[in-house]
Amino acid sequence: GGVVWPIDSRLSVGVSLAAQGVGADYERAALPVPGAGRLKSSLKVAEVIPTLAWRVTPDLAVGASLNLAYARFEASGVIVPAPVPGGALALPSHGAQSASGAGLRLGALWKVAPTLAVGANYKSRTHMGALEGYRDDLLAYSDGRIDLPAQFGVGAAWTPMPALTLAADWLRVKYASTKVMQDPNGFGWKNQPVFRIGAAWAPDERLTLRAGASRNTSQIDADHVAPNVLAPSIFDRAYTAGVSWQASPASEFSASLEFNPRRTIVGTGPSSGIDSSAKAYFLYLGWQQRF
């Protein structure tokens, strides 16, 4: 969600909302360990992004934002190796814990030619507060903190004809630079490159059809399948289709569907004997109003 207010012909301010998260619920204990409850986890992050944008020239615009984040984390049924050989220990659940943090975003958009635009963006690491209940066990290595990773990317959009726009971008997410991912016994997410392409076609003034695809190199490797049962974010492909309909000159409705095909990672090394498999669908509905 978001809203934008033009101040004058070159300056505008706005606020946008974003959300992200990962989690799982296996509806049973992971292993028959005394005291082990139902294995489930949830990390939910909401971001409020106040932004200032400035049109430097008719063909160049730049923007800067604060990234204000609020997170809620919960995990139960977690089992870790016990001090005795071959033993296992069930960690207690501390319920839902919350934390907040802040970071920065920067961006630029340059219209190179009437039919071609290029852009670049950067998001700093968002430094989050501690999730107090988990700082002494599950998240002890990172002092209870799950920082949001820095990322940067570049992209281009080409309009070969007025009704058609083709776009592509490349993004790199720096998961490995956050301390929570550096725990040798933890999630171990690697830096992740993401490549995306898309197309938008407007057959008339009121209707726009869209399609896109995304491909990435998974941030989870086969050696880290076991700790990532709490965060099984293993998708490496996504396909989307969408439509927008302009109900009036000031109002527009949108809908889209995203499909993440099934992917399976077979555990190796410390994760031998544990596999992770998932697929997902997402339905998005949107509304835009001009005042």
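Which residues does Pro-149 touch, not counting residues up to four places away in sequence? In this predicted model, the list runs to Lys-123, Ser-124, Arg-125, Val-173, Lys-174, Tyr-175 and Thr-178. Pro-149 itself sits in the loop between strand S9 (127–128) and strand S10 (150–161). Its relative accessibility is 12%, and buried means under 20%, so Pro-149 counts as buried. Thr-126 is 23 residues away from Pro-149 in sequence, yet the two C-alpha atoms are 6.6 Å apart in space.

The loop between S9 and S10 also holds Asp-143. This residue has a positive phi of about 60°, although it is not a glycine. With a relative accessibility of 33%, Asp-143 counts as partly exposed.

Now for the chain as a whole. The protein chain has 16 strands and zero helices. Its C-alpha atoms fill a box of roughly 70 × 35 × 30 Å along the principal axes. Of the 291 residues, 30% are buried. The chain exposes about 16600 Å², with carbon and sulfur atoms supplying 63% of that area. As for charge, there are 26 positive and 21 negative side chains, and the centres of the two sets lie 3 Å apart. Take the contacts between residues at least 6 apart in sequence: 56% of them join residues at least 24 apart.

Some of the strand pairing can be followed step by step from S2. Strand S2 (residues 11–25) runs antiparallel to strand S3 (residues 40–57), and 15 bridges join the two. One of the paired positions is Ala-24, whose bridge partner in S3 is Ser-41. S3 is in turn joined to strand S4 (residues 60–76) by 15 bridges, again in an antiparallel arrangement. Here Thr-51 has Ser-65 in S4 as its bridge partner. S3 and S4 form a hairpin, with two residues between them.

The loop between S2 and S3 is home to Glu-27. Glu-27 is not a glycine, but it has a positive phi of about 60°. Is Glu-27 buried or exposed? Its relative accessible area is 62%, and the cut-off for exposed is over 50%, so Glu-27 is exposed.

Further along the chain, Ser-244 lies in strand S14 (residues 237–248). Ser-244 counts as buried because its relative accessibility is 2%. Its side chain makes a polar contact of 2.6 Å with the side chain of Ser-254. Leaving aside neighbours within four places in sequence, the residues in contact with Ser-244 also include Glu-252 and Phe-253. Another part of that contact list comes from earlier in the sequence: Arg-206, Leu-207, Thr-208 and Arg-210.

Strand S15 (residues 251–266) contains Ile-265. At 7% relative accessibility, Ile-265 counts as buried. What does Ile-265 touch, once residues up to four places away in sequence are set aside? The answer is Ser-218, Ile-220, Ala-222, Val-225 and Ile-234, together with Ile-274, Asp-275 and Ser-276. Ala-82, by contrast, is 183 residues from Ile-265 along the chain, and their C-alpha atoms are separated by 26 Å.

Technical notes: Residues numbered from 1 in each chain as written. Predicted model: local features only at pLDDT ≥ 70, side-chain atom pairs only at ≥ 80, totals over all residues. Heavy atoms only, no water. Helix = DSSP H or I, 4+ residues; strand = E, 2+ residues; numbered from the N terminus. Buried < 20%, exposed > 50% of the residue type's maximum accessible area, 1.4 Å probe, protein only. Contact = heavy atoms within 4.5 Å. Areas by Shrake-Rupley, 256 points an atom, 1.4 Å probe, with all protein chains shown as cover. Lys, Arg positive; Asp, Glu negative; His and termini not counted. Charge placed at Lys NZ, Arg CZ, Asp CG, Glu CD. Pairing = 2+ DSSP bridges. Polar contact = N/O pair within 3.5 Å; in protein donor to acceptor, adjacent residues only side chain to side chain.
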